[in-house]
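Visitor: I should like a close look at a single part of this protein. Please set out the salt-bridge network and its surroundings in one connected account.

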Amino acid sequence: MSYPMTQLLTLDEFLKLPETKPANEYINGEIIPKPMPKGKHSRLQLRLCNTINEVTESQKIAYAFPELRCSFGIRSIVPDVAVFNWLRIPFDVDGEVPNDFLLWPDWTIEILSPEQSSNRVIGNILYCLQHGCRLGWLIDPTDRSILVFRSDQQPVLLQGEDFLPVLPEIQLALTVNQVFGWLKMGG
């Protein structure tokens, strides 16, 4: 659900507002709340971040951030997972991660919630790709598929034992079934 403003805010004005839980996104002058993550969403998000970071962080290749606000162009979005090439992370003078990321991720991952508009989520992925992002995934837990977006080709729908593309500098081999297999935690 979006909340159109009678007087549209600028991106700078939006960024001065206090953060909310769940996060709000700023798209086309509207403040749009993201749905609160539920069990499957949270599990996939955590496992994706951990799996990516296990193979990238120690070698300073990339880092996967969960629910990180990324503000660039005329939008401020909060991808479920935002992966940044290590050299693009805007560390502060003390070498610490800053609070504000005023740039697009190199790889954006969205996990579709039942109450989300798939077109709005795809719109955010496409917006990232138009601004320099190299890879986008839209994970749909309902039908166990992952729609893959790249800036230089048509989207590809992957299922089952299909291997998922990752950024070329990341040495990670994952199939769609492996990702959805993470949902099985019980006996």
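Guide: The account below begins with the chain as a whole, turns to the network and its surroundings, and ends with some backbone details elsewhere. The model is a predicted one.

The protein chain contains 4 helices and 10 strands. Their order along the sequence is α-β-β-α-β-β-β-β-β-α-β-β-β-α. For 187 residues, a compact globule would be expected to have a radius of gyration near 16 Å, and the protein chain agrees with this because its own value is 16 Å. The C-alpha trace extends over about 50 × 40 × 35 Å along its principal axes. Of the 187 residues, 48% are buried. Among contacts with a separation of 6 or more, 54% are between residues 24 or more positions apart. The accessible surface amounts to about 10100 Å², and carbon and sulfur atoms supply 53% of that area.

The charged side chains are the setting for the part in question. The protein chain carries 16 positive and 22 negative side chains, with 5 Å between the centres of the two sets. Side chains of opposite charge can pair when their charged atoms come close. In this model the salt bridges number 7.

The network itself consists of R88, D106, R134 and E169, which salt bridges link together. One of its pairs is D106 with R88, where the closest N and O atoms are 3.0 Å apart. Both D106 and R88 belong to the loop between β6 (81-85) and β7, yet they are 18 residues apart and the pair links distant parts of the chain. D106 has a relative accessible area of 4% and is therefore buried, since the limit for that class is under 20%. R88, by contrast, is partly exposed because its relative accessibility is 23%.

Another pair in the network is R134 with E169, and here the closest N and O atoms lie 2.6 Å apart. R134 is in the loop between α3 and β8 (135-140), whereas E169 is in the loop between β10 (153-159) and α4 (176-181), so this salt bridge ties together parts that are 35 residues apart in sequence. Neither residue falls in the buried class: R134 is partly exposed at a relative accessible area of 32%, and E169 is partly exposed at 24%.

A neighbour of this network is N85, a residue of strand β6. Leaving aside residues up to four places away in sequence, N85 touches I61, A62, D106, R134 and E169. Three of the network residues, D106, R134 and E169, are thus included among the contacts of N85. With a relative accessible area of 17%, N85 is buried, because the class covers values under 20%.

A further salt bridge can be set beside those of the network. The side chains of E115 and K38 meet with an N to O distance of 3.9 Å. This pair also links distant parts of the chain, as E115 is in the loop between β7 (107-111) and α3 (118-130), K38 is in the loop between β2 (30-33) and α2 (39-56), and their positions lie 77 residues apart in the count of separation. E115 is partly exposed, with 44% relative accessibility, while K38 counts as exposed because its value of 54% is over 50%.

Some backbone details complete the account. K21 and P22 are joined by a cis peptide bond with omega of about -5°, and P22 is located in the loop between α1 (11-15) and β1 (24-27). E67 is not a glycine, yet its phi is positive, at about 50°. This residue, E67, is placed in the loop between β3 (62-66) and β4 (70-72), where it is partly exposed with a relative accessible area of 31%. R144 likewise has a positive phi, of about 55°, without being a glycine. The loop between β8 and β9 (145-150) holds R144, and its relative accessible area of 34% makes R144 partly exposed.

Methods. Residues numbered from 1 in each chain as written. Predicted model: local features only at pLDDT ≥ 70, side-chain atom pairs only at ≥ 80, totals over all residues. Heavy atoms only, no water. Helix = DSSP H or I, 4+ residues; strand = E, 2+ residues; numbered from the N terminus. Rg over C-alpha atoms; globule rule 2.2 N^0.38 Å. Buried < 20%, exposed > 50% of the residue type's maximum accessible area, 1.4 Å probe, protein only. Contact = heavy atoms within 4.5 Å. Areas by Shrake-Rupley, 256 points an atom, 1.4 Å probe, with all protein chains shown as cover. Lys, Arg positive; Asp, Glu negative; His and termini not counted. Charge placed at Lys NZ, Arg CZ, Asp CG, Glu CD. Salt bridge = Lys/Arg side-chain N within 4 Å of Asp/Glu carboxyl O.
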